[in-house]
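Got a few minutes and a structure viewer open? Here is a set of exercises to work through at your own pace, with solutions to check yourself against.

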Amino acid sequence: MTKIIKVQKGTKDILPEDISLWQFMESTALDVFTRAGYKEIRTPIFEATELFQRGVGDTTDIVNKEMYTFEKSERSLTLRPENTAGVVRSYIENGMHRLSAPVKLWYKGPMFRYERPQAGRQRQFHQVGVEMFGVKEPAADAEVILLAIDFLKNLGLPNLSVEINTLGCSECRKKFRALLIETLRPYYDALCDDCKERFEKNPLRLLDCKVESCKEIFAKPEIQQVIQSDFTCPDCSIHFENLKSYLDALGIVYKVNKQLVRGLDYYNRTVFEIKSENLGSQNAVCGGGRYDTLVSNLGGEPTPAIGWAMGMERLASLLENKFDDKLDIYVVSDNKTETLKLVQRFRSLNYSVDFDMAGKKFTKQLEKAAKTAYFAIILGDDEINGEYLTLKNLETAKQIQVPFANIDDFEKHMYKFIRTNSSEWMQSKLSMLASGFTIS
RNA sequence: GCGCCUGUCGUCAAGUGGUUAAGACCUCGGAUUGUGGUUCCGAUAUACAUGGGUUCGAAUCCCAUCGGGCGCCCCA
């Protein structure tokens with residue numbers, strides 16, 4: 001037996017039966033982001049490995065153990081694990097700092113991370129995201145968060161919980177880090193192995209630990225005091241306070257989560273996450289934040305920036321596939337020549353039309369029509385001889401005869417009529433139209 | 001990388017040591033040579049993941065391998 005090749009672990013086909021949902025997400029993204037003045041950018045799926053090492057940060061798990069890296073012609077290349085680094089690279093390379101600020105970009109596409117797949121996590125997954133360059137003021141933070149919520153609303157997900165936090169600037173963080181290390185040092189031996197490592201490399205990430213024993217330590221009053229303390233400098237505080245007041249004014253409900261630390265090294269000041277309770281343990285739909293130093297770290301002019309990304313598979317699992325893919329019309333006929341001519345004509349008028357090519361019997365054709373279309377056009381010998389076609393509403397079983405001579409007129413009326421999904425509306429339109437024709 | 005669960009037709013799914021391994025859906029055909037989605041009949045499929053072992057006998061018990069799922073870590 002010939003071996004069947006299967007999809008690779010952590011990858012999935014997006015099948016025709018689900019594609020409407022994906023097209024809906026994509027068209028909604030285009031619509032919402034365009035309205036907010038964002039332009040789409042498409043960057044390559046692989047980049048120089050160094051881009052991610054410097055961009056995402058080489059202390060991160062993403063770079064340390066999750067990248068698909070390969071060598072080709074003595075270059076080290078990596079399948080993008082996220083797209084901010086790529087967009088920033090393109091921003092710098094194409095001199096976009098000379099464009100009038102802000103530069104607002106959005107993207108969608110596949111990302112790759114080598115991880116154990118589980119609910120809400122694949123090795124190839126899709127993100128849609130936005131990046132805004134050139135505005136350091138908190139109004140940008142508010143706009144970007146508003147945009148995320150606006151997008152989710154347009155998808156039909158209005159009530160997800162928003163969490164925000166501020167990481168402060170590098171100065172603030174230095175202070176905080178020192179204080180945290182100092183306070184935590186007595187408990188060092190009790191920390192889990194991961195935390196011991198974080199303790200040295202990236203103490204901020206300690207707060208993310210989910211090991212119970214570590215959580216208990218972090219719950220201690222003196223440590224909570226440090227975590228909850230306001231370590232931000234006046235500028236960062238004002239920035240965060242302004243953001244909160246904007247969000248309040250927008251009526252956006254959020255929670256300040258002091259323990260929210262994004263796992264990518266480039267974030268500063270504002271970070272945020274949008275979560276759902278219906279996703280299993282991978283509950284973040286959206287994550288993002290401000291990254292004011294990334295552009296200069298990658299060799300560009302110092303440019304403040306902020307953005308977020310959403311996982312499209314996670315969005316899809318929250319969305320119900322309520323889209324039906326029915327055709328407008330299925331032509332039932334034994335006369336292929338006339339059928340083809342009719343199909344051509346109706347398709348050119350923007351109807352979706354299909355027909356039988358295999359020479360199946362009338363009843364089978366009609367059965368197929370009933371399964372796949374709203375309307376059947378019946379074109380038999382009687383019709384052809386009498387120079388009319390029979391239009392059958394497959395929901396109501398009503399049919400009307402339309403003389404060929406009237407087809408132009410019919411098409412004009414039928415366009416809206418057929419495009420709607422409301423069967424009541426269809427019926428009323430049908431009877432209206434039928435007044436000019438014979439009902440059989 | 002570590003834990004737990006799980007592999008029977010395209011899909012869902014009975015079967016827990018002896019069965020011709022059910023059934024349903026899907027697909028196709030017929031009843032119905034011009035009226036469907038209801039009904040009835042029929043057809044199609046190399047279905048027990050693979051390799052060992054235990055046993056007179058294994059889809060069923062054991063081991064390994066490989067898939068799938070979930071959780072930890074991390075993230076979208």
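The exercises below are about a predicted model, and each one comes with a worked solution.

**Exercise 1. Work out the order of the strands in the open sheet, and find which strands stand at its edges.**

Step 1. Trace the open sheet from one side to the other. You should get 8 strands in the order β1-β5-β6-β11-β10-β9-β7-β8, with mixed pairing.

Step 2. Look at the two ends of that order. β1 (39-40) and β8 (254-256) each have a single partner strand, so one side of each has no neighbour in the sheet.

Step 3. Now zoom in on β9, residues 268-275. Its pairing with β7 is antiparallel and runs over 6 bridges. Two pairs to look for here are N165 opposite V271 and I164 with its bridge partner F272.

Step 4. Go to the β10 side. β9 and β10 are also antiparallel, joined by 6 bridges, and E273 stands opposite G287 there.

Step 5. Check how β9 sits in the fold. Of its 8 residues, 8 are buried, so the strand is largely enclosed by the rest of the structure.

**Exercise 2. Describe the hairpin that β3 and β4 form.**

Step 1. Take the strands themselves: β3 covers residues 68-72 and β4 covers residues 75-79. They run antiparallel, with 5 bridges between them.

Step 2. Find the bridge partner of K72 in β4. You should land on R75.

Step 3. Look at the turn. There are 2 residues between the strands, and S73 in the turn has a positive phi of about 50°.

**Exercise 3. Explain why C169 and C233 are not in disulfides.**

Step 1. Start with the count: the structure holds 0 disulfides.

Step 2. Recall the chemistry. A disulfide is a covalent bond between the sulfur atoms of two cysteines. The cut-off you need here is 2.5 Å between the sulfurs.

Step 3. Test C169. Its closest cysteine sulfur is in C172, 3.3 Å away, which is too far for a bond.

Step 4. Test C233. Again the closest cysteine sulfur belongs to C172, this time at 3.4 Å, and that is too far for a bond as well.

Step 5. Add the surroundings. C169 is buried at 18% relative accessible area, and C233 is buried at 17%.

**Exercise 4. Take the salt bridges of K65, D141 and K275, and say where each partner lies.**

Step 1. Keep the principle in mind: side chains of opposite charge can pair when their charged atoms come close. The total for the model is 21 salt bridges.

Step 2. Begin with K65. Its partner is D61, with the closest N and O atoms 3.8 Å apart. Both lie in helix α3 (residues 61-65), 4 residues apart, or about one turn of the helix. K65 is exposed at 53% relative accessible area, whereas D61 is partly exposed at 36%.

Step 3. Move on to D141, which pairs with R290 at 2.5 Å between the closest N and O atoms. D141 is in helix α5 (residues 138-155) and R290 in strand β10 (residues 284-290), so this pair ties together parts that are 149 residues apart in sequence. Both D141 and R290 are buried.

Step 4. Finish with K275. Its salt bridge is to E163, and the closest N and O atoms are 3.3 Å apart. Since K275 is in β9 and E163 in β7, the pair ties together parts 112 residues apart in sequence. K275 and E163 are both buried.

Step 5. Follow the shared partners outward from there. E163, K255, E273 and K275 are joined into one network of salt bridges.

**Exercise 5. Find the largest cavity and say what lines it.**

Step 1. Think about the method: rolling a probe the size of a water molecule over the atoms shows where empty space is left.

Step 2. Count what turns up. There is 1 cavity of 30 Å³ or more, and the largest cavity holds about 80 Å³ of space.

Step 3. List the lining. It has 12 residues, and the closest to the centre are N165, L167, F176, F231 and K258.

Step 4. Assign the lining to elements. β7 (161-166) and α6 (170-184) are the ones that give two or more residues.

Step 5. Sort the lining by character: 8 residues are nonpolar, 2 polar and 2 charged.

Methods:
Residues are numbered from 1 along each chain as its sequence is written. Chains are lettered from A and ligands numbered from 1 in the order in which they are written. This is a predicted model: local features need pLDDT of at least 70, side-chain atom pairs count only at pLDDT 80 or more; totals for chains, interfaces and linings use all residues. Side-chain values use heavy atoms; hydrogens and water are left out. On a 1 Å grid over the protein atoms alone, a cavity is a set of points where a 1.4 Å probe fits but cannot get out, and a pocket is an open set with protein on both sides within 12 Å along at least five of seven lines; lining residues have an atom within 4 Å of a point. Grid points are joined across faces, edges and corners, and a volume is the space filled by probe spheres set on the points. Ala, Val, Leu, Ile, Met, Phe, Trp, Tyr, Cys and Pro count as nonpolar, Asp, Glu, Lys and Arg as charged, and the others, Gly among them, as polar. Buried means under 20% relative accessible area, exposed over 50%, partly exposed in between (1.4 Å probe, protein chains only). Two strands pair if DSSP finds at least two bridges between them. A salt bridge is a side-chain nitrogen of Lys or Arg within 4 Å of a carboxyl oxygen of Asp or Glu.
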